[in-house]
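I sat down with this one and kept notes as I went. Here is what I looked up, in the order I looked it up.

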Amino acid sequence: MSRSAGAQGRPASHDDLVGAAPPGDHGLMMTVFEVHLAEGSDGAGLLSDEVLSETGAQVMTLQEAALVGFQGLQGLDGSGNVRLIAVRARDAAWIHRCLETHGAVTAFRAHQVD
């Protein structure tokens, strides 16, 4: 059988699918990457269009992050150009690999957020 079987051996249907868990304490976890860029880099192309589309990652400056509700964020003295990347925790490894291989990234840290 090429399709998975649903209840009572019939082909799977929408009635057999389990819905997403309701929001609450067990909602989606996020990872926020604090990305330090080389001097003179503007962060353009930090993530490809494909990665942005597939993961829904949001790339922000510290000022943009403050506007959408991230509190208490300040660049460290001498840290240069900083970007924050917010992504679902399940996609964090993909973003991590992208940052490791990007020539303009001098350092990054990942922070888990509820």
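The entries below go from the whole chain to the sheet, then to the helices and a few single residues.

**Entry 1: the whole chain**

First reminder to myself: this is a predicted model. I counted elements and got three helices and four strands. Going along the sequence, I read them off as β-α-β-α-β-α-β.

Next I asked what share of the chain is buried. Of the 114 residues, 29% fall in that class. For the surface, I got an accessible area of about 8,000 Å², and carbon and sulfur atoms hold 51% of that.

I also checked contact range. Taking contacts with a separation of 6 or more, I found that 73% are between residues 24 or more positions apart.

**Entry 2: the sheet**

In what order do the four strands sit in the sheet? I traced β2-β3-β1-β4, an open sheet with antiparallel pairing. Strands β2 (58–60) and β4 are the edges; each has a single partner strand, so one side of each has no neighbour in the sheet. From one strand to the next, the twist averages 20°.

Then I looked at what lies on the sheet. Helix α3 (residues 92–101) packs there and touches β1, β3 and β4. I compared its direction with that of β1 and got an angle of about 5°.

**Entry 3: strand by strand**

I started with β1, residues 30–37. Seven of its eight residues are buried, so I noted this strand as mostly covered. On one flank I found β3 (residues 81–88), paired with β1 in the antiparallel sense over eight bridges. For the register I wrote down two pairs: Leu37 has Asn81 of β3 as its bridge partner, and Phe33 has Ile85 of β3.

β1 also pairs with β4 (residues 105–113), again antiparallel and over eight bridges. My marker for this pairing is Thr31, which stands opposite Gln112 in β4.

How much of β3 is buried? I counted six of its eight residues, so the rest of the structure largely encloses this strand. β3 takes β2 as a partner too, running antiparallel to it, with three bridges between them. There I noted Val59 opposite Ile85 in β3. So Ile85 of β3 is a handy landmark for me: I have it down as the bridge partner of Phe33, and Val59 stands opposite it as well.

**Entry 4: the two sides of α3**

Which residues of α3 are buried? My list is Ala92, Ile95, Cys98 and Leu99. I looked down the helix axis: these buried residues fall within an arc of 125°, so they line one face of α3. They pack against β1, α1, β3 and β4. On the other side of the helix I found Glu100 and Thr101 exposed.

I picked two residues of α3 for a closer look. Cys98, which lies in this helix, has a relative accessible area of 18%; the buried class ends at 20%, so Cys98 is buried. Leaving out neighbours within four places in sequence, I see Cys98 in contact with Leu47 and Val51. I also took a C-alpha distance from Cys98 to Ser48: 8.9 Å, for 50 residues of separation along the chain.

Ala93 is in α3 too. Is Ala93 buried, partly exposed or exposed? At 46% relative accessibility, I put Ala93 down as partly exposed. Its C-alpha lies 9.8 Å from that of Thr31, with the two positions 62 residues apart in sequence numbering.

**Entry 5: Thr55**

Last stop was Thr55, which sits in helix α1 (residues 49–55). Its relative accessibility is 2%, so I logged Thr55 as buried.

What does Thr55 touch beyond its neighbours within four places in sequence? I noted Val87, Arg88, Asp91, Trp94 and Ile95. One of these, Ile95, was already on my list of buried residues in α3.

I also checked the side chain of Thr55 for polar partners. A polar atom there lies 3.1 Å from the backbone nitrogen of Ala57.

Notes. Residues numbered from 1 in each chain as written. Predicted model: local features only at pLDDT ≥ 70, side-chain atom pairs only at ≥ 80, totals over all residues. Heavy atoms only, no water. Buried < 20%, exposed > 50% of the residue type's maximum accessible area, 1.4 Å probe, protein only. Pairing = 2+ DSSP bridges. Axes fitted to C-alpha atoms, helices over the stretch in contact; angles between N-to-C directions. Contact = heavy atoms within 4.5 Å. Polar contact = N/O pair within 3.5 Å; in protein donor to acceptor, adjacent residues only side chain to side chain. Areas by Shrake-Rupley, 256 points an atom, 1.4 Å probe, with all protein chains shown as cover. Arc of directions from axis to C-beta.
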